[in-house]
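Please take the model below and follow it from the packing of helices in one chain, through the places where chains touch, to the sheets of another chain.

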Amino acid sequence: MVLRLEARREPSTLMVFASPAIAVVTTLVVGAALFTLLGYDGIGAVMKIFVEPLFNPYRWQDLLVKAAPLAMIALGLSIGFRANVWNIGAEGQYVVGGLAGTGVALLTYEMSGYWILPAMILAGILGGMAYAAVPAVLKTRFSVNEILSSLMLNYVALQLLYYLTRGPWKDPEGFNFPQTVLFTDWQTLPKVVPGTLIHLGVPIAGVLALVIWFLVVRTVAGFQMRVFGMAPMAARYGGFQESRTVWTAMLIGGGLAGLAGVLEAAGPFGQMTPGFPTGYGYTAIIVAFLGRLHPFGILMAALVLALTYVGGESAQTAIRLPSAAVGVFQAMMLFFLLAADVLVRYRVVNRTTARSQRVSSEPATRNTERAA
Amino acid sequence: MNAAILVSILMTVAAAATPLLLAALGELVVEKSGVLNLGVEGMMLIGAVTAFAVSVTTGSPALGAIASMVTAAAASGIFAALTLGLASNQVATGLALTIFGTGISALAGAPYVGITTTRLGPIFPDALADDPYWRLIFGHSPLVYIALLMTLAVWWFLKHSRSGLILRAVGESDDAAHSIGYPVLKVRALAILFGGAMAGLAGSFYSLVVTPMWAERLTAGRGWIAIALVVFASWRPGRLAAGAYLFGAVITLELQAKAAGLSALAPEFMSSLPYLATIAVLVMISAGRRSIKNAAPACLGKPFRASA
Amino acid sequence: MLPRIELLGITKRFPGVLANDAISFAVQPGEIHALLGENGAGKSTLVKIIYGVLQADSGQITFDGREAQVGSPREARALGIGMVFQHFSLFEAMTVLENIALGMDHPPARRQLEAEVRRVLDSYNLALDPHRDVHTLSVGERQRIEIVRALLQKPKLLIMDEPTSVLTPQEVEELFKTLRQLASEGCSILYISHKLEEIKALCDRATIMRGGRVVATCDPAKETARSMAEMMIGGNLKDIEGRDGRTVGQVRFTVENLSVPGEPPFGTSLNDISFEVSAGEIFGIAGVAGNGQNELLAALSGEQRRGMRGRIVIDGRDITDTGVTGRRRAGLSSVPEERNGHAAVPGMSLAENAILSARTRKALAAKGLLRRSAAREFASSVISAFSVKATGARGMAGSLSGGNLQKYVMGREIMQEPAVLLVAQPTWGVDAGAASFIRQAMVDLAASGSAIVLISQDLDELLALSDRIAVINEGHLSAAMDIATVSIEELGLLMGGVHGKKKPASAAPAEGITHHGA
């Protein structure tokens, strides 16, 4: 028996849905084996990270809280990835969004009012957009590759964060710790389920998925992004401009990353610290792909990746699994997804039986198709 | 005295330039074959941690450097299998490789945090490197010379060897190369493995030469700068060496200014300098000449599958 | 005498298609043997099997009396099989010599190779500079690289895949001289084409394929072009109706002094192009591929306006400064040469592909929102009016055969009732049935009062459809000529442009090509 790949005539719809599941399952199996080989409790690690949080209702709120920013960022990135605009700078846009919101918080520290939180959120969105506008300008004006420019800006955003928290924004009464003051109640995200950690960001992420779905499937703008991703020449033929596509993708991506940033700052963090960037901007790339760039897929994928964070923490304390293991699981998931994706376009056939495939009557009918 | 300072600065420039040059040379060959591997940063980290671990275990930094090439090439093999074997998206797969390299290096390196190893120091006898000027020639780590020799070798390979001609042909038009009968995927796989080995060696420079220590994310985005350098050099090895040394100078400026506390600007600004300089250089190169499209291999980033 | 090559029962299957079904025939030494068939008949698959690019599922190849296993192009070359591809296997950014070296398994040292190349060029009287970069060469010169590459290996069998589809009539004549000289030296030639007059002029024998099978073998000299065509398509040829007796009305489309710089790296600049087209008129633009046809279509449709100078007017409205959508609104439709990925998105449904170019004129989008049911309706109406074989408006564009997708694209544009239709290579790579349907549709559209610009490399098609014709060469457009009075030789010389003038007086009548209406 010799297995080989054979191109499908049309992409398999089944596999579009099945391959993320295949990727997750393979990650669990191979991950368990790998970590056992590395001298850790491999099966324990998989159970702790991927299974236990699911059966512990107390951890569900953690999952939702971690999944919300991941989903928001990934929703924004998915728009760009559909159009082949590779915004890798979500981490930086997330940080700048958080900083912009923090800036408003520090300005309004002495004030009170319901308008403060919305103002912070708006600043966060605009901050993320502004930071994403840099690669957009560079791409449309100077054709600078957006992968490199947006990625470089991640490192710059980190330095900006360090500078602000060590310098001008440092809490004067914070025992010289490099962090800002704690935000006031007016500046903190309300909880939607009292007595839990679930804050306003969670429902916002759900609503955003609906909005993005509508944008992609029902609007001309979304149509434009899809055409650009599949066939750039056809997009030009259809009267769509590349620069507009790049701008749309970068602004939505940056805006949602900035939103995620300000919601994290005003929510779980409650202040700005150098520990603010947690790699969500990179993990969201995996979320976007695992969710097939589809808004509802992304919500699911965000929960799966949130598991790695939540479960990873408990695995750290319970079985002394290093925190870096989470990154390895996440990367493996992306690798296996990319590998499983081949099944969407190809099918595996046994070479010895391949010859008995049905034969379409197409070549014969082509000749009779002449004009009536 | 001034001369001594100048020499020491120039030595730092060479040290800062060398890993960029090594990694970028590898990526240049990969891209010339028509493949865009964005996993350089991840492979460098894998190389760095391997080099350190092997050096600590065996006491031989040289062995560590060699081992770094093996593991990083193995990691690039994953990329090759996915992009060539399964025709996956090269951008996504490269990113996955970087995420993977970051994670696995942190995991493998955890036991090694906080200890040091022998530096992969100068190879020539001290007598030769005594005089400051002679030191400029004979006082470097062997990897500095290897990087320069590899520049020459890659230039010769691409320009004058038959294998180099075939590699360029594969990057120029995979379909044409396939129809003449060249093994497109095999050529690309070899190029990717070479790129992996070079990235690994570049990573070993950080954990064996710059600071003989291991820390998470030790390479701090230098792998991405190496990728940018390839664009800056318009895929030409000579320009690549010049570009690497230019960036070496920028990084040295950052280090010197921080060390001397000279800068009126915040140290965080100086730390941003290499990344900002990368963006500036990309703008200059892209805006200055429209011929950049000319220089890029025509099939760069496009997956290849033999058509029926 | 043993045949040079003999095929016995060659069979090759692709998913869903039987590309070659028990193909058997033989080619004698020194024979020029035509392999004739429509697009999709299986010719290309067969020659790829002979050249070792593909492997047959079953069947046998005998070469010079011995059974041959051709596992790769390298093994084919070792046997003495040379091949000139239809889409040249050349590397644009490299020199002629580098390209030739790449085509050889054991190239000699550079200087010696150059000497050998020059010797081959001399003995076959071919003009080519070994040190030029390929992207600076004309199509005819590029083909010569492939020929030299093959000849250096001293082949016993040379396969030519559609060699003349991109050449000027004069270049075709030059090529035929070379091929006849080769055949007289004992080299067999397998000549793949669908151009019947050429086959009559050149070939000793013809094998005709249809639907993956051999359907006939004949002596081309004894057949007529029409009889071979009917064997090829397995039915009667249909003539275009209403071609004559069209009335030409007032001017609808005017292009004045249009200039556009070429896109890097290898684009052609358009220089000072002017023409006008009237209602009911088909204006033909002839030319060898790569002389600015795609650039002209992109500039006229509005897809590429960077650096553009000049004026474009539709029905008295200046549309120079409007983009694609504005021009569509003014009544301009276009069908570019490439269907997959340019005129249509293969990964989208036919309904979504309708939105791509008809959303303005057919109101398939409003206030930024897609009107999906309207799009499905319009797509369905195109499918039925143009008898497109598809599963329906939700079917993927990529799942349609070339001819059906082209019919859909043409239908999508024509049913928007454009004032002006721009078309490039409308029948390129489509079967005869679809081709004649598409041609009839263009004639009907013109008869209804639209102005049509038809860009094509197929002189026969241009001569059959156009009222007036001009030639594009290196981005310059010649003066328009009346179809009734223009001669093939004149067109050929214009198509050759500067390249044609350099050659020794070769303006002898191009016997291979004559004007025929089929």
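In this predicted model, a good place to begin is chain A, where the axes of helix H2 (residues 42-55) and helix H12 (residues 295-319) of chain A come within 8 Å and cross at roughly 135 degrees. An angle counts as roughly antiparallel when it is over 145 degrees and as roughly perpendicular from 65 to 115, and H2(A) and H12(A) are therefore oblique to each other. The handedness of the crossing of H2(A) and H12(A) is right-handed. On the side of H2(A), the contact is made by Gly44(A), Ala45(A), Lys48(A), Ile49(A), Phe50(A), Glu52(A) and Pro53(A), while H12(A) brings Leu307(A), Thr308(A), Val310(A), Gly311(A), Gly312(A), Ser314(A), Ala315(A), Ala318(A) and Ile319(A). Sorted by class, the residues of the contact of H2(A) with H12(A) are nine nonpolar, five polar and two charged.

A second pair of helices in chain A can be read in the same manner. Helix H11 (residues 280-290) of chain A and helix H13 (residues 324-340) of chain A have axes that come within 10 Å and cross at roughly 30 degrees, which makes H11(A) roughly parallel to H13(A). H11(A) passes H13(A) in a left-handed crossing. Thr283(A), Ile286(A), Phe289(A) and Leu290(A) of H11(A) form the contact together with Gln330(A), Met333(A), Leu334(A) and Leu337(A) of H13(A). The contact of H11(A) with H13(A) has six nonpolar and two polar residues, and no charged residues.

From the inside of chain A one can turn to its partners. Towards chain B, 34 residues of chain A are in contact with 37 residues of chain B. Which elements give two or more residues to the side of chain A that touches chain B? They are helix H5 (116-142) and helix H6 (146-166) of chain A, together with H11 and H13 of chain A, the latter two being the helices whose axes come within 10 Å. The side of chain A that touches chain B divides by class into 26 nonpolar residues, seven polar and one charged.

Chain A is also touched by chain C, with 46 residues of chain C in contact with 31 residues of chain A. At least two residues each of the side of chain C that touches chain A are supplied by strand S2 (17-27), helix H10 (324-329), helix H11 (350-358), strand S18 (369-370) and helix H14 (432-447) of chain C. The element that gives the most to this side is H14(C), with six residues. In terms of class, the side of chain C that touches chain A holds 19 nonpolar, 19 polar and eight charged residues.

H14 of chain C has a further place in the model, since it is named among the surroundings of helix H8 (residues 225-233) of chain C. The buried residues of H8(C) are Met228(C), Ala229(C), Met231(C), Met232(C) and Ile233(C). What covers these buried residues includes, besides H14 of chain C, strand S3 (32-37), helix H7 (196-202), strand S9 (205-210) and strand S10 (213-218) of chain C. After H8(C) comes Gly234(C), whose phi is positive, near 70 degrees.The strands of chain C remain to be followed. S2, one of the elements that supply residues to the side touching chain A, belongs to an open sheet of four strands in the order S2-S1-S4-S5 (chain C), with antiparallel pairing. S2 and strand S5 (66-68) of chain C stand at the edges, each with a single partner strand, so one side of each is left without a neighbour in the sheet. From one strand to the next the twist averages 30 degrees. Within this sheet, strand S1 (residues 5-14) of chain C is joined to strand S4 (residues 58-63) of chain C by five bridges, the two running antiparallel, and Leu8(C) has Gln60(C) in S4(C) as its bridge partner. S4(C) and S5(C), also antiparallel, are joined by three bridges, and Thr62(C) stands opposite Glu67(C) in S5(C). The hairpin of S4(C) and S5(C) has two residues between the strands, and in this hairpin Asp64(C) takes a positive phi near 50 degrees.

Another open sheet of chain C has four strands in the order S12-S11-S14-S15, again with antiparallel pairing. Its edge strands are strand S12 (270-278) and strand S15 (317-318) of chain C, each pairing on one side only. Two bridges join strand S14 (residues 309-314) of chain C to S15(C), and these strands run antiparallel. Here the bridge partner of Ile314(C) in S15(C) is Arg317(C).

Terms used:
Residues numbered from 1 in each chain as written. Chains lettered and ligands numbered in written order. Predicted model: local features only at pLDDT ≥ 70, side-chain atom pairs only at ≥ 80, totals over all residues. Contact = placed C-beta atoms within 7 Å. Nonpolar A, V, L, I, M, F, W, Y, C, P; charged D, E, K, R; others polar. Axes fitted to C-alpha atoms, helices over the stretch in contact; angles between N-to-C directions. Parallel < 35°, antiparallel > 145°, perpendicular 65-115°, else oblique. Left-handed = near helix turned anticlockwise from the far one by under 90°. Buried ≥ 20, exposed ≤ 12 C-beta atoms within 10 Å, placed from the backbone. Pairing = 2+ DSSP bridges.
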